[in-house]
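Student: Got a minute to go through this model with me? I'd like to start with contacts.

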Amino acid sequence: DVGANIGQYALELRKIGFKGQIIYFEPFHSLSEKLKNNTNQDPMCEALNIALGDNDEESYINVADNSNNASSSLLEMLPEHLNGSPESMYMSKEKIIVRKLDSVMKDYYNKGDNIFLKIDVQGFEKQVLDGAEHSLTNITGIQIEMSLVPLYLGSILYTEVIELLKYKGFQLKGLENGFANPKTGQLLQVDGIFYR
């Protein structure tokens, strides 16, 4: 669960009956602590206070002012995002640790594991995928947030995500509506569900 926030996605998985191991990646220290509190009764969960990207490094993430820093990103926010969600304006920066999935996968992967990767990283999707060059061969399915219009500087759009994952051996199997501009109704982001 990459970009786990406080664990909402995985808690929903538990409600519908998933009993397997869940590894959370959340860069914000405060959210990571809430995440640990939300999941400390679940022995099949582990929360890591790191972001995933295309390098092993320290970096700075932009902190958004909306609920649980939901629009925070390592990338600069573009006007289209602010128009759709003025409360998501950046207020500060926080120093974080970034790791490649390839650097941490060996600590959690056992041969034959059936892995589903969820990516919700506010425009940083390509960097996460680039840092998972070798790991992707061991992943069965992916749920990834995709932008229909440019929302973050340097991010890729949904067509590029689809092509990149197709090249890696994944096919788009479904879409879920995501972030929309409440004034115009324009859909700005969707979640793509991909499987090998």
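Tutor: Sure. Contact here means heavy atoms within 4.5 Å. Keep in mind that the model is predicted.

Student: Which residues does Leu-101 touch, leaving out those up to four places away in sequence?
Tutor: Leu-101 touches Phe-25, Leu-52, Gly-53, Leu-117, Gly-131, Ala-132, Ser-135 and Ile-139.

Student: And where does Leu-101 sit?
Tutor: In helix 4, residues 101-104.

Student: Is Leu-101 buried or exposed?
Tutor: Buried. Its relative accessible area is 5%, and the cut-off for buried is under 20%.

Student: Which residues have the most contacts inside the largest nonpolar core?
Tutor: Phe-25, Leu-101, Ile-139, Ile-142 and Ile-144. That core has 38 residues.

Student: Which element gives the most to this core?
Tutor: Strand 7, with four residues. Elements giving two or more include strand 1 (22-25), helix 4 and helix 6 (158-167).

Student: What else does Phe-25 touch, again skipping residues up to four places away in sequence?
Tutor: Besides Leu-101, its contacts include Asp-1, Val-2, Leu-48, Ile-50 and Val-104. There is also a second, separate core of eight residues. Ile-6, Leu-31, Val-63 and Val-98 are among them.

Student: Switching to sheets. What is the strand order in the open sheet of three strands?
Tutor: The order is 3-5-4, with mixed pairing. Strand 3 (51-52) and strand 4 (57-64) are at the edges. Each has a single partner strand, so one side of each lacks a neighbour in the sheet.

Student: How many bridges join strand 4 and strand 5?
Tutor: Eight, in the antiparallel sense. Strand 5 covers residues 90-99. Within it, Lys-93 stands opposite Asn-62.

Conventions:
Residues are numbered from 1 along each chain as its sequence is written. This is a predicted model: local features need pLDDT of at least 70, side-chain atom pairs count only at pLDDT 80 or more; totals for chains, interfaces and linings use all residues. Side-chain values use heavy atoms; hydrogens and water are left out. Buried means under 20% relative accessible area, exposed over 50%, partly exposed in between (1.4 Å probe, protein chains only). Two strands pair if DSSP finds at least two bridges between them. A nonpolar core is a set of buried Ala, Val, Leu, Ile, Met, Phe, Trp, Tyr and Cys residues joined through side-chain atoms within 4.5 Å.
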